[in-house]
Structure formats: structure tokens, C-alpha cells
Amino acid sequence: MQSVETGVWISLAVYFILMIAIGIYAYFKQKNDIEGYMLGGRNLSPAVTALSAGASDMSGWLLLGLPGYMYASGVVSIWIALGLTIGACANYLIVAPRLRVYTELADNAVTLPDYFSNRFHDKSHLLRIMSAVVIILFFTVYTAASLVAGGKLFESSLNLSYSMGLWVTAGVVVAYTLFGGFLAVSLTDFVQGVIMLIAMLIVPVVAFGEIGGVSEAMAIATQTNTEVFNWMNGVTVMGVISLMAWGFGYFGQPHIIVRFMAIRSVKDVPTAMVIGMGWMILSLIGALMVGLAGIAYVARTGIELKDPETIFLVFSQVLFHPLISGFLLAAILAAIMSTISSQLLVVSSSLTRDIYKLFLDKQASEARQVLIGRISVVLVAIIAIMLAGDSNSSVLNLVSHAWAGFGAAFGPLVILSLMWKRMNRNGALAGMIVGALTVIIWVYGGFEIGGQPANDAIYSILPGFAFSLVTTIAVSLMTAPPPVYIVQKFEDMEKGLK
């Protein structure tokens, strides 16, 4: 057993050293200005843009949550994968090219609140403040949720204490994010995305080989659970719509769409889309196949599986050499760390640009803003560790609520601001507030639909997104149109796409 753990630790040590080395490389590579630290100088290649967006998006859900959902519920889990795929594709088609052009035209905006404020010339700063508050609060909790996953991974797989797992996970992420900024986060995300993809292809292939092939696994799975291939198993039509509605969240996720702001040219977006969607589809199929193979493997071998979401961990431990097991555990850490680093950077960016510079030091130099950004990374990480201190924390629901909150508050705002020149600041502010409040009330208001909690019957992002969209349009039409100079900049953005 000791030799097994040694092999795993060797692989993990190599992974940790690689991540920190990339952070050091990025530190010397990037310019010491705010655009360099927070957007990598707007010079990301299509491949780095695509894989960093995908890796920061998927988190541990790809390797743990989705295989577990497939194991527990069968092919009904494909609905959520389908919804996410459609949402991500639409994000590349609608948001990516326009946001890349418009954020540069909007006084070189480097954060999402920056863009909202500059897009509508909001001199009151209400848009910037409200969006920054949403980002800081939601993402600090979101980061804590990811740290909990890291702590539990070390506790369950390497006999390390939960608290030590938290500090190891956070320590490595903070090290490369602190020094290397956005470029380090994006480059490490690229490497982590490659690791995740390899893992999602290797594990199901080896697992199906152990069982006797895909057809044999399907036969065993059907004998074990007759509903495993029922596309409507345990859900209604509205349930399917709710599962697919996860795709709406993409339009409002700051840690994902910030990659579109940083790609080196709008002409690179189609290439990034091909790479990103190819990575995503292969990864999702691999995750679903891990769950399917898990049903058959557990039935054939009779091993005990207390938690369906650990099926990937089980395969990594029983089917592979310790060095490969370490690589597969590194894949899970890669998924977790890629999300944490992106969230830390988005929060630190908002603290720096939208709080510190706006209220404390309006004349802050570029170098000072970078310094404040680095300090913010450490502070947010410490707060997140404190929030994640209880290993029994129920954070998975908070993650789904945060996804819905961002999707409802920012999604319609992002889309309409890029597609509709009649939109004004009042509509943007009203839509953001209504979207966020709708999700909060839907989740915590105690309402029921058909005898079950409202959020269980209909995922909160559906009403949140719809109400935000309608409110934004209605308020914009009922109030004065935007000034001519704002409309002119919108038209300049459209010309920049050609």
C-alpha cells in the first residue's frame, strides 16, 4: 500500500511542479500592467482560449458529478450534457466575437463590470458596483465549494487530513495565480484541459475492456437497472427542460466569458470554437461512458460503491498502475484547480478595478493595481478556506444556485448589450437586479409547484433568465433611448466584426 501511495504522490508532485513552473514562466512573460495581469495582454491563442474556457467551466463536475449522475440515473443525464453543449456553442457564436471587439472599444474594459459601466457610460457607477458585488459574493462561495472538493479528494484518496487537503489545493493554485496572473491561469488551464481530456478517454476505454466491451456493459447495465436507457427516467417534460436550461448559464459566467475578452483577435474565435466544442463533446461523452461502465463493473465485481460520484476514483485506483492513478487524480485536481484559479482572478479583478480603484485610489498606477490584485488573490483564498473549513458543508446546491444567479443576472444583460443598440443603462440595471432576485426568491422563498419545492420542479435559471430578459427590454423601451455617442460605439462594434 505504501508503494502505491508513493507512486501516486510522485505523479501529483510532478503535476504540482509543472503548475508552479508555468506560473513563474507567465510572471516573466507578461507585462506588469493591469491588462497584462488580468487579461494576458489580450493575446491568447485560439487553443489556449478554448481549453482554458472549457477547463475553468467544467470543474470536478466533469469527472465526478456527471459520471455519478449517469451511474445513478442512466441516460437521462444526457439532457444536461446536451443543454450545456448547446449553450457553450451559442456562447461562441453570439458572445465571443462581439465581446472581444466591444470590450476594447468600451475604453479597454478588462472586467465584466468594467464593460457594463463603459458600455452604457454609467457615471453613477451603479452597474459597476452591483455587478461587482454579485461577482465577489457568489464567487467567494463558489471558490469555497471547489476547495471542499479538493480537500475531500485528498482525504478519501491519499489518507491526508481534510484541512491539509484544503491548504495543499489552495496553496498550489494561489502560487501560480498570484505571480502569473491571467496568463498563468490560462496556460495552466490549457495543460489541465489536456490532462482532463486524456483521463476522460483512457478510463472508459480501460473499464470497458475489463468488462468485455461496450455491448457487454450495456447488457449488464440493462439487467441491473431496466430504466438505465429510459430517456425520461424519473423526469417530466419540464424536468428535461430544466436540465437543458443549464446551458443558459454560459452567457453570464464571468470566469468563462473573460476568455473571449482576452483572445488575440476576433478572427481567431471560429478556430477557438472548433477546438473548444471538440474538447467539450469528447469530454462529456467520456464522462457519460465512465458512468455507464461503472454500472456494469460494480454489478459484475460486486464491489461496494457508497457514492456514485466516486466511480471515477474507484476506476483510477483498481484498474491502473499507481503512477497512472496519480495522473488520473491529477486530472481531478486539474478540473478543480482550473476553476478555483479562474474564480480567484475574476474576484481579485473586481476588488481591484471596481472597488479599490473606484473608491480608494482613483489615480492608482498600473503597477499598484497589479499589486492590489495579487493581494486580493491571497485574501479571497483565505476567506474561501475559512468558508470551506467544514468538510460536511453542503456546497453542491450553492454551486448550482450560483450558476443560476450569474446566468440570470448577467446572461440577458450580456446578450442584449451585444445585440441590441436600443438597450440603455436603466434596462441593464433593472434586468440584472430582477434576474438575481428571482433566483434568490425561487430558491429560498419557500414556494412549491405541484407539491415540491419550486427549484426542484423548475430550475431557477429558467424564470430568472426569462424575467431578467423581459425586464431589460421593457425598461429600456419605457425610458429614454441611449445617447447618440453610445449608439455610434455599438455600430463601431458591428463594423469591427466584419
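What follows is a walk through the fold of the protein chain and a handful of its residues, based on a predicted model.

Starting with the big picture, the protein chain is built from 20 helices and two strands. Its radius of gyration comes out at 22 Å, close to the 23 Å given by the globule rule for 498 residues, so the chain is as compact as a globular protein of that length. Along the principal axes, the C-alpha atoms occupy a box of roughly 70 × 55 × 45 Å. Of the 498 residues, 58% are buried. Contacts reach well along the sequence too: taking those between residues at least 6 apart, 83% join residues at least 24 apart.

As for the surface, the protein chain exposes about 19100 Å², and carbon and sulfur atoms account for 68% of that area. The chain carries 25 positive and 26 negative charges, and the mean positions of these two sets sit 14 Å apart.

Two of the helices are worth a look for how they are covered. Helix H11 takes in residues 254-262 and is mostly covered, with nine of its nine residues buried. The buried set runs from Pro-254, His-255 and Ile-256 through Ile-257, Val-258 and Arg-259 to Phe-260, Met-261 and Ala-262. Helix H19, residues 461-478, has 18 residues and should span 26 Å at 1.5 Å a residue; the C-alpha atoms at its ends are 25 Å apart, which agrees. Buried positions in H19 include Ile-461, Leu-462, Pro-463, Gly-464 and Phe-465 at the start of the list, and Ser-468, Thr-471, Thr-472, Val-475 and Ser-476 after them.

H11 turns up again in the surroundings of Ser-342. This serine belongs to helix H14, which covers residues 322-360. With a relative accessible area of 2%, Ser-342 falls under the 20% cut-off and therefore counts as buried. Leaving aside residues up to four places away in sequence, Ser-342 touches Ser-56, Val-185, Asp-189, His-255 and Arg-259. Among these partners, His-255 and Arg-259 are themselves buried residues of H11.

The loops on either side of helix H6 each hold a residue with an unusual sign of phi for discussion. Asn-108 is in the loop between helix H5 (78-105) and helix H6 (112-119). Although Asn-108 is not a glycine, its phi is positive, at about 55°. The residue is partly exposed, with a relative accessible area of 28%. On the other side, His-121 occupies the loop between H6 and helix H7 (126-158). Here too phi is positive in a residue other than glycine, with a value near 45°. His-121 has a relative accessible area of 31%, so it is partly exposed.

Two further residues help to give a sense of distance across the model. Gly-41 sits in the loop between helix H2 (34-39) and helix H3 (46-58), and a relative accessible area of 36% makes this glycine partly exposed. Gly-41 and Asn-230 are 189 residues apart along the chain, and their C-alpha atoms are separated by 49 Å. Asp-456, in turn, lies in helix H18, residues 454-457. Its relative accessible area is 56%, so Asp-456 is exposed. Between Asp-456 and Ala-217 there are 32 Å from C-alpha to C-alpha, for a pair 239 residues apart along the chain.

How values were computed. Residues are numbered from 1 along each chain as its sequence is written. This is a predicted model: local features need pLDDT of at least 70, side-chain atom pairs count only at pLDDT 80 or more; totals for chains, interfaces and linings use all residues. Side-chain values use heavy atoms; hydrogens and water are left out. Helices (H or I, at least four residues) and strands (E, at least two) are DSSP runs, numbered from the N terminus. The radius of gyration is taken over C-alpha atoms; the globule rule is 2.2 Å times the number of residues to the power 0.38. Buried means under 20% relative accessible area, exposed over 50%, partly exposed in between (1.4 Å probe, protein chains only). Contact means heavy atoms within 4.5 Å. Accessible areas come from the Shrake-Rupley method with a 1.4 Å probe; for residues, only the protein chains shown count as cover. Lys and Arg count as positive and Asp and Glu as negative; His and the chain ends are not counted. The place of a charge is taken as NZ of Lys, CZ of Arg, CG of Asp or CD of Glu. The expected span of a helix is 1.5 Å times one less than its number of residues.
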